[in-house]
Amino acid sequence: MDRVKSSMQQVPNPIPKVLSRRTGGANSLEAEKENFERSQAVSINKAINTQEVAVKEKHARTCILGTHHEKGAHTFWLAVNRLPLSSNAVLCWKFCHVFHKLLRDGHPNVIKDSMRHKADLNDMSRMWGHLSEGYGKLCSIYLKLLITKMEFHIKNPRFPGNLQMSNRQLDEAGENDVNNFFQLTVEMFDYLECELNLFLGVFSSLDMSRSVSVTAAGQCRLAPLIQVILDSSHLYDYTVKLLFKLHSCLPADTLQGHRDRFQEQFKKLKSLFYRSSNLQYFKRLIQIPQLPENPPNFLRASALSEHISPVVVIPVESSSPESEHVVETEDLVDTDIPPLPSVADSKFDDFFGTSAATDPFNFSQNGMRRDEKDRLIEQLTAELQALKEELESFRLESGRLCQALRGRVNELEAELAEQTHLKQQALGESEFLRVELDDLRRVKEDTEKEQRSLSEIERKAQANEQRYTKLKEKYTELVQSHADLLRKNAEVTRQMTVARAAQDEVENVKKEMQDKLKAAQDSTSQQEKAQLEQLQALQADLMSSRTELETLKSTVTSSQQSSEKLNTQLSALEAEKAGLLETVSQKEAELAGLGVELERVQSSLTNERESGVKAAEALQNQLNEKESREQALESELVSLRWAALRAALEEAGRIVQDSLNQLEDPTHISCTSSADYLVSRCQVALDCVERLQSARDGFVSDNTDVSGLVRAVTQFAHLVGDVIVQGSATSHMVPVEQADALADNVKACGAEAMALLCQLQEQKSMGTADCSRLTSALDTVMALGEKLRPRGLELQQGELGDLVEQEMSATSAAVESAAARIEEMLNKSRAVDTGIKMEVNERILASCTDLMQAIKVLVLSSKDLQRDIVESGRGAASMKEFYAKNSRWTEGLISASKAVGWGATMLVDAADQVVQGKGKFEELMVCSHEIAASTAQLVAASKVKADKGSTNLSRLQQASKGVTQATAGVVASTKSGKSQIEDTETMDFSAMTLTQIKRQEMDAQVLVLELETRLQKERERLGELRKKHYKLAGVAEGWGGEDEGTG
C-alpha cells in the first residue's frame, strides 16, 4: 500500500482541473458530462501509472468505450497532457500501450484528434531515443510505431484502425491503379518494419533464460506485443496479396526490391511469431499463427491459391492480463475476508455475557471494590492482547492460505484455459482440415472431371484429326481414283469400241459362214435331190436295163465317193462352225465381263461424281461463307474508312473553327504579319484546294483508298487556318478600311471552308461538293494581299531581272578592280618601302589579295546557285518573270551584291591609306568585318530558295568559309603589322626631368579621359547609325517594320 501511495504521489494532480466539480446552475447534461469526464480521468490514471505491471483490460476498455461515447479522443488527451510522460519511462510505456489500443479499437476520429499531437510525440520519441537501454529505448521505438500508424491511416483512410478488410475493400483501396498498389505496398513495408523493430526491442530487453512472462515486469513489456501481433498478421496478409497483384501487372525485374524486402521481413516475422508462441504468457491470451516454411513464390501466379491468411484467435473465455498471478505486497492481505474482530467480540460476549459486553465497566451493580476493577481490567487487557496476537496469527495464516488457494486457482484456470485453447485449436484445425479436405476433394473431382473432359476433348480432337486425315487421304484417293477411273473409262470406251468392231466383224463372219453353210446345204440338198432323181432314174433304168448295171454301179461308186467328199467337206464346215461359235461365245463372255466392269466403273464413277458434287457443294458453301465474311469485312472496312474520313473532316473543321475563334481573341490583336507572307500562304492554300478536289474525285471513283483524301483534308485545314490567322494578323498592319475588308474576306473564306468540310462529311453530298466558292474567296484574299504589298522597290519585270544581272556583274567587276588595285599597291610598296614597313605592307596586301580571291569565288558560286534556283523554280515562266514573282528575294540579292561590292571598294581604299602611312589599321579591320557581314548576307539570300542537297549550295558554303578565313587572315596580319610598327617606336624618357615627366603624365591622363569619352560617344553614335540603317533598309525593301510571319 505504501508503494501505491508513493506512486500516486509521483503523479501530480491525477484529475485535471477541467474535471473539478462545477458549481452554479448545472443541469442534468452537464452533470452527466462531468461524471463521464471524471470516470474517464479515473480510468486513464488507473491504466497509465508508474507501476511496472501490465495495463488492466477493464481500464483500457473503459477508455475505448469513452472514445465511442464522445466520438473522439478529446477527453483522453486532456487527461494525458497532465501526465509527466517525459519524466517516467514506465508511465510513457503504458501510455503507448493504451494509445495503441485506442488507435485500434477506439472511435475512427481518435486518429484525426491525435494527429494534432504528432509533433509532441515526435519530440518525446527523440528525447527517449537518447537512452540506450531499458524502457527509454522501448518508448522511443513504440512512439515511432504509433506515429507511423497514424500517418498510414491518414494517407489511407479506407483502412480501419484494426486493419480488418476484405479482399474487395483491399482492391478498392488501391482504386485499381497499379501506381497506388505500388505505393501502398511500400507504406505497408514501412509500417511492418516499425512493428518488427518493437518486437525485437522488447525481446532484446528481456532475459529469455528466465521465466520472465510470469513476472509483473515481464508482462508489462510483453502486453503491448498482442496489439503488434494483431497488426503484423494483417499487414503480412495484405502485403502478400498486393505483391501477387503487382506481379500480374508489372515485370518481375521492377519488383526485385519489393521481393528482397519481403524476404527479409518474412524471416523476422516468422522467427518472432515462433518465439512468442513458446511464451507461457501468450498461450492463454492469444493464438499466434504459424507462417509457412518458405515464403510465397510471387513469380508463379498460381501460388496465390496456396496462400493461407494468418488468423490470430483471442479466446473469449481467456482471462485478461491483469488476472495473471503477480506476487505483490498489498496482495498478502485479502480485503475480502470478513473482519475477525467481530469473532473476538462474540467470544468476549460468550465469556463475559451480554451484559458485560454492553457495559463491562458498570461495577456499581455488582458491588465490587476498586481493586477488583483494576484486577479485572488488567486481566481483560491481557486477554485482549492475547486475542489480538491470536487474531494477527490467524490473519497471517488465513492470508497465506488464501494466497496459496488463489495461486492454485490461477494455475487450474490457466491449465483449464490452455486445455480449452488446445481444444478450440484442435477443433479449429479439424474444421480447417475438414474444409480443406472437402476443398481438396472438390478440387480433385473438378480436376478429374477436367482431366476426363480434357482427355475426351483430346480423344475427340485426335479422332477428328484422324478423321480429317482419313478424309483427306480418302479425298486424295478419290481424286486419284477418279482420275484413274476417267482413264479407265477412256480405256474401256476404247476397248468397247474395239470390242464392238470385233463383234461387228464376228457378226459379219457369222453371217458369211451362215451364208456359206446355207449355200452348202442348198447345194447338198440339190445334189441329194439330183442323186435321188438319178437313183430313181437308175432304179427305173435298172429294171429296164440290166445290161447297164455295171455302168450304173460304176456311176454309183463314183457318186458315193463324191458324196463322201461332200460329207468330209460338210464335217469340216461343221467343225469350223463350232470353232466360230466357241469364239463368238468367248467374245460374248468377254463382252459381258467388260459390260459388268463398265457398269461397276459407271457406278463408282456415279458415286465419285456424287461425292465430288457434295464436296463441291461444301466448298461452295465455304466459299459463300468466305464471300459473306469478306463482304461483312468490306462493309466494316468501308464504315471504318468513312469513320476515319469523318474524324479527319471533323478535326479539320475544329482547326478551321479554332482559327476563326482566334480572330475574336483580344490577345490576337498584337499579332502582325506581312502582305507578302499572306500572298504566299494563299497561293499554297489554292494549290492544296486543287489537290483536295483531285483527291475527292479519286475517292469518289475508287473508295478503297482513303489515305490520300485524309492527307489532303489535314493539309487543307492547316493551310486554310494559317491563311485565316495570317490574314487577320496582316489586317492589324494596314489602314482601317482595308483591314475591315481583309478581315471580312478572311471570315468568308473560313465560312466557305467549313461549308465545304460539312459537304464532304456526307456520302450523298461528297460527289457534288463544290470548291469554286472557296477558291474564289482565297483569290479575293490573295488579291487584297497583292494590293497591300510594299511599293518601295517596284520595278518592271524586265527592269528587276536586268538589275539583278547588273548588280552581280558590278560586284564581280568591283572585286576584279579591287584585286588589281591591291596588286598595283603591292608593286609600289616593294619599290618604295624597305625593312619592317615593306614586310608589314606585303603581308597586309597579300592577305587582302587572298580575301579578294575568296570573294570572287563566292560571287561565282552565288551566281551558279541562283541559276539553279531559277531553273528549278521558274517552271514555264522566264527568268525575269521568276525574279519579278519573287521580288523580295530578288531585292535581297541586289542589296547583298551592292554591300559586297561597296565593301571591296572600301577595303582597297583603306589598304591604300595604310600602305601610304596615312590611314589607320583599325579602318582596315573594320572594312574586313564589313566584307564578312556582306558576304554572309549574300550567302543567306542565295540559299533561301536553294535545295538542301544541291552541290552548288555546298560549294557556296565552302566559299563562305573561305571568305571567313581570309577575313580572319586580314585582321590577323593587320594586328601583327600594327604591333610591329608600334614596337619600333620606342619611348625614350631618359632626357626628361621629373617636372617634364609629371607634365607628360598629366597630359596622357587627360588624353586618355578624352579618348574614353569620345569612345563612348562614338559607340552610341554607331548604335544609332545601325538603327537608322536597319530602318532605312526595311523601308527600302518593304519590310514594313516587321518580319514575315506573325509577330
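**Notebook: helix H12 and its surroundings**

I started with H12 and found 22 of its 23 residues buried, so this helix is largely enclosed by the rest of the structure. Buried here means under 20% relative accessible area with a 1.4 Å probe, protein chains only. Helices are DSSP runs of H or I with at least four residues, numbered from the N terminus.

A note on the source: this is a predicted model, where local features need pLDDT of at least 70 and side-chain atom pairs count only at pLDDT 80 or more, while totals for chains, interfaces and linings use all residues. Residues are numbered from 1 along each chain as its sequence is written, and side-chain values use heavy atoms, with hydrogens and water left out.

Next I checked the length of H12. Residues 225-247 reach 32 Å from first C-alpha to last, close to the 33 Å expected at 1.5 Å a residue (1.5 Å times one less than the number of residues).

Then I looked up the largest nonpolar core (buried Ala, Val, Leu, Ile, Met, Phe, Trp, Tyr and Cys joined through side-chain atoms within 4.5 Å). Among its 92 residues, Ile48, Phe76, Phe95 and Phe159 touch the most other members. H12 gives the most to this core, with 13 residues.

Which helix did I pair with H12? I took H13, residues 256-277: the two axes come within 12 Å and cross at roughly 150 degrees (axes are lines fitted to C-alpha atoms over the stretch in contact, with angles from 0 to 180 degrees between N-to-C directions). That makes H12 roughly antiparallel to H13, a label for angles over 145 degrees. Contact (heavy atoms within 4.5 Å) involves residues including Tyr236 and Leu243 of H12 and Phe262 and Phe266 of H13.

Conventions: Helix = DSSP H or I, 4+ residues; strand = E, 2+ residues; numbered from the N terminus. Buried < 20%, exposed > 50% of the residue type's maximum accessible area, 1.4 Å probe, protein only. Parallel < 35°, antiparallel > 145°, perpendicular 65-115°, else oblique.
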